[in-house]
Amino acid sequence: MSAVPLAVYELSALRATLSRQDMLHAVEQALISHADGRIVAPPPGVLLFENPPGDCHIKSGYAKDGSVFVVKLAMGFYENPSRGLETNNGLVLVFDSHTGKTRAILNDEGWLTSCRTAAAGALAARAGAPARVSALGILGSGQQAQLQARWTCELLGIERVVIWGRAPERAQHLANALQQAGLKAQAADSVEAVFAQCNLVITCTPSTQAIVPADVVRKGTHIVALGADSPGKQELDPLLLQRAQVLMTDDRAQCLDHGEMSHAVRAHLISDQADVSLGHVLAGKARGRFRDDDLTIADLTGLAAQDIALATLAVQRMQAVD
């Protein structure tokens, strides 16, 4: 009896099969499941590289009511664009949670990680956004910056985007790409200029020091901070977390270890229980905003629950068309 070939699904097939709407729904349910304790996942692993700078994140876990467990590797090497290469790469291994048998390899080249991050950012933006969004601000000019702009604008019905990046030419290139996608996008020459025009800002840079000063952020602003996803990273002045009326986290333990929350707690500016769960906000169990002039922050470090959800969805959809 011949062995059944291992199912390997390539990026092109995954792109053709998974819709943005389905991935948003899956990630939303994953964030809620994680908050409710229905996900089993160890702390994530991370390999950090200095020359050239990069990282490799390893996340694994399963849903208690699911049929698979997942091991995900996601890499980011930040000098790759200068070499004509994509910044991100990776793959997802999917196993049967009852037998341990390998169900599939998702050779997604980091695309599923990028999508689940974009989905979480857009959902967190909606969870704390003011009633009227003047414009969406994006700090960063890479692939994730573009995804955040497009997914968030579509989910919230925003038309105007203001972008800042360390490399002005890349910020302008992103603005041009978003204009071609039908958005009113422009590059800004400073972080201050972004916050002067925007009351919803998503930060998605690999910064290792605060790039958002507390004094440039007005009342009524909602910030979604994505960059601090491994030790040593930081985008926000910790004083902002002290000022925030609502601090949402995707996972308290992870955010205390290496998220924006960790910097504020270590500086004794907030307590280690100053947050509410983003999953509980999405489920309607907690508030993401109380008043129009609240400063609100979402601190996202990335969850295995999101990887489990998209891997499960991908295997179901791919095997349905095989």
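# A guided tour from strand 15 to the aromatic pairs

Select strand 15 (residues 246-249): Val-246 and Met-248 point one way from the strand, Leu-247 and Thr-249 point the other way, and all are buried. In a regular strand the side chains alternate between the two faces of the sheet. The model on display is a predicted one.

**Neighbours of strand 15**

Keep strand 15 in view and add strand 17 (residues 296-299); the two run parallel and are joined by four bridges. Within strand 17, Asp-299 is the bridge partner of Thr-249. Next, add strand 16 (residues 276-277), which pairs with strand 15 in the parallel sense over two bridges. Here the bridge partner of Met-248 is Val-276.

**Helix 11**

Now move to helix 11 (residues 304-321). Its 18 residues should span 26 Å at 1.5 Å a residue, and the end C-alpha atoms are 26 Å apart, so the two values agree. Colour the buried residues of helix 11: Ala-304, Ala-305, Gln-306, Asp-307, Ile-308, Ala-309, Leu-310, Ala-311, Leu-313, Ala-314, Val-315 and Met-318. An α-helix has 3.6 residues a turn, so residues three or four places apart point the same way.

**The cavity**

From helix 11, select Asp-307, Leu-310 and Ala-311, which are among the residues that line the largest cavity. The rest of this lining is Lys-72, Val-92, Leu-112, Thr-113 and Arg-116. Helix 3 (111-128) and helix 11 each supply at least two residues of the lining. By residue class, the lining divides into four nonpolar, one polar and three charged. The structure holds one cavity of 30 Å³ or more, and about 40 Å³ of space lies in the largest cavity.

**The largest pocket**

Which element gives the most to the lining of the largest pocket? Select helix 3, which gives the most, with five residues. Then add strand 4 (53-63), strand 5 and helix 4 (143-156); each of these, like helix 3, supplies at least two residues of the lining. The space in this pocket is about 950 Å³. To find its centre, select Tyr-78, Gln-144, Cys-204, Thr-205 and Pro-206, the closest to the centre of the 42 residues that line the pocket. Colouring the lining by residue class gives 12 nonpolar, 20 polar and 10 charged residues.

**The aromatic pairs**

The last stop concerns aromatic rings, of which the structure holds two pairs. Select Phe-49 and Phe-77 for a tilted pair, with 5.2 Å centre to centre and 40 degrees between the planes. Phe-49 lies in strand 3 (residues 45-50) and Phe-77 in strand 5 (residues 68-77), so this pair ties together parts that are 28 residues apart in sequence. Phe-49 counts as partly exposed, at 36% relative accessibility, and Phe-77 is partly exposed with a relative accessible area of 22%.

Then select Phe-69 and Phe-95, whose rings form a stacked pair at 4.9 Å centre to centre, with 20 degrees between the planes. This pair also links distant parts of the chain, with Phe-69 in strand 5 and Phe-95 in strand 6 (residues 88-96), 26 residues apart. Is Phe-95 buried or exposed? At 16% relative accessibility, Phe-95 counts as buried, because buried means under 20% relative accessible area. Phe-69 is partly exposed, with a relative accessible area of 28%.

Methods
Residues are numbered from 1 along each chain as its sequence is written. This is a predicted model: local features need pLDDT of at least 70, side-chain atom pairs count only at pLDDT 80 or more; totals for chains, interfaces and linings use all residues. Side-chain values use heavy atoms; hydrogens and water are left out. Rings of Phe, Tyr and Trp (its six-membered ring) pair if their centres lie within 6.5 Å; planes under 30 degrees apart count as stacked, over 60 as edge-to-face and the rest as tilted. Buried means under 20% relative accessible area, exposed over 50%, partly exposed in between (1.4 Å probe, protein chains only). On a 1 Å grid over the protein atoms alone, a cavity is a set of points where a 1.4 Å probe fits but cannot get out, and a pocket is an open set with protein on both sides within 12 Å along at least five of seven lines; lining residues have an atom within 4 Å of a point. Grid points are joined across faces, edges and corners, and a volume is the space filled by probe spheres set on the points. Ala, Val, Leu, Ile, Met, Phe, Trp, Tyr, Cys and Pro count as nonpolar, Asp, Glu, Lys and Arg as charged, and the others, Gly among them, as polar. The expected span of a helix is 1.5 Å times one less than its number of residues. Two strands pair if DSSP finds at least two bridges between them.
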